[in-house]
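Let's take a friendly walk through the charged side chains of this protein and look at who pairs with whom. Keep the viewer open as you read.

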Amino acid sequence: MNKEVAMKGQTIVCLGELLIDFVCTDIAQGLVNGENFLKKAGGAPANVAVTIARLGGSARLAAQVGNDPFGEFLIQTLRNESLDTSLIVRDRHVPTTLAFVGIQNDGERDFVFCRGADGNLALQSLPADFLDDCGIVHLGAATGLLDGELYSTYIAVAQRAKEEGKMLSFDPNFRSGLWGGNEEEFIRRCEPFLNIADAIKMSEEELELITGYADMEQGCRYLHEKGATFVTVTLGSRGTWASHRDGGHTQVPSIAIKSVDSTGAGDAFVGALMFRFMQRNTRPIAYNDFITDVVWANRVGALTCTRFGAIDAIPSLAELD
């Protein structure tokens, strides 16, 4: 029988991209026909970290930005969220990464990335003890598996988290604009994380792409057999498929909202789920508790779709209540 053990540390460390989202405000026009854009702070790990902070948890973001006005804007944004920015590295040679986001008729998005400083984040740029007080490590940058120093840092941090008994959360964040035509390499680069992650979040499309199974049960079983205890598959307005290695599975419905912009909704869901896991403070987390946490995280993700931008749209604990 598994013994319940306390989580090591109360902080959640998120690692990866911090970038500018230029969000097209011309609804249903996408990037082809859209003309008007809003500058917003973004990047999947940044969205996760801000979600945790807004809900009252402790999170730190390790990322790299350019030594430019966009980088300064991002750092100021995180400070306004009361996030510790000591792990944000300034790159004096490469500008801040930019992403252009178009909103389609159904609220879903298309992306174009102009990659910059985020890919240069090296492990040696971070303090040696930056993981010491954390209980959960989250890896989920859309650019994190591309060529560059960040991918090497991801591999090293994942291995260290596993060795030190921390919970490892992984979101592959597939973007066709980054990997179109090279999906096999994307899947290959996911493998090291699938083999050691405790919690994996995927979209419905990512599950089929990565596991080869369109069926939820089969796809989740594939990931459980690799070692994941918790698998969540986000289904948009249909909610989330939640699967526990030792407890079973179910489809958790979402709440009814009018979607304006789904940017960051999956990240908000992950942040809320990790926040709840950290609140529990012990492992293993039983199936019923896991489902309760997914129901709660679904609400956070859904409410994020009701406003423009990712970070700006994430609800606070007071708004959630």
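Buried means under 20% relative accessible area, exposed means over 50%, and partly exposed covers what lies in between. By that yardstick Lys226, at 23% relative accessibility, counts as partly exposed. Please bear in mind that this is a predicted model.

Start with the partner of Lys226. Its side chain meets that of Glu191 in a salt bridge, with 2.9 Å from N to O. This pair links distant parts of the chain: Glu191 sits in helix H6 (residues 183–194) and Lys226 in helix H8 (residues 216–226), 35 residues apart. Glu191 is also partly exposed, because its relative accessible area is 21%.

Now turn to Arg276 and Asp293, whose closest N and O atoms are 3.0 Å apart in another salt bridge. Arg276 belongs to helix H9 (residues 265–280) and Asp293 to helix H10 (residues 287–304), so the pair ties together parts that are 17 residues apart in sequence. Are these two residues buried or exposed? Asp293 is buried, with a relative accessible area of 0%, and Arg276 counts as buried at 17%.

A network comes next: salt bridges with shared partners join Asp132, Arg160, Glu164 and Lys166. Within this network, Lys166 and Glu164 form a salt bridge whose closest N and O atoms are 3.7 Å apart. Lys166 counts as buried at 5% relative accessibility, whereas Glu164 counts as partly exposed at 27%.

For the wider picture, the structure holds 17 salt bridges, among them the pairs Glu191 with Lys226 and Asp293 with Arg276.

Technical notes:
Residues numbered from 1 in each chain as written. Predicted model: local features only at pLDDT ≥ 70, side-chain atom pairs only at ≥ 80, totals over all residues. Heavy atoms only, no water. Salt bridge = Lys/Arg side-chain N within 4 Å of Asp/Glu carboxyl O. Buried < 20%, exposed > 50% of the residue type's maximum accessible area, 1.4 Å probe, protein only. Helix = DSSP H or I, 4+ residues; strand = E, 2+ residues; numbered from the N terminus.
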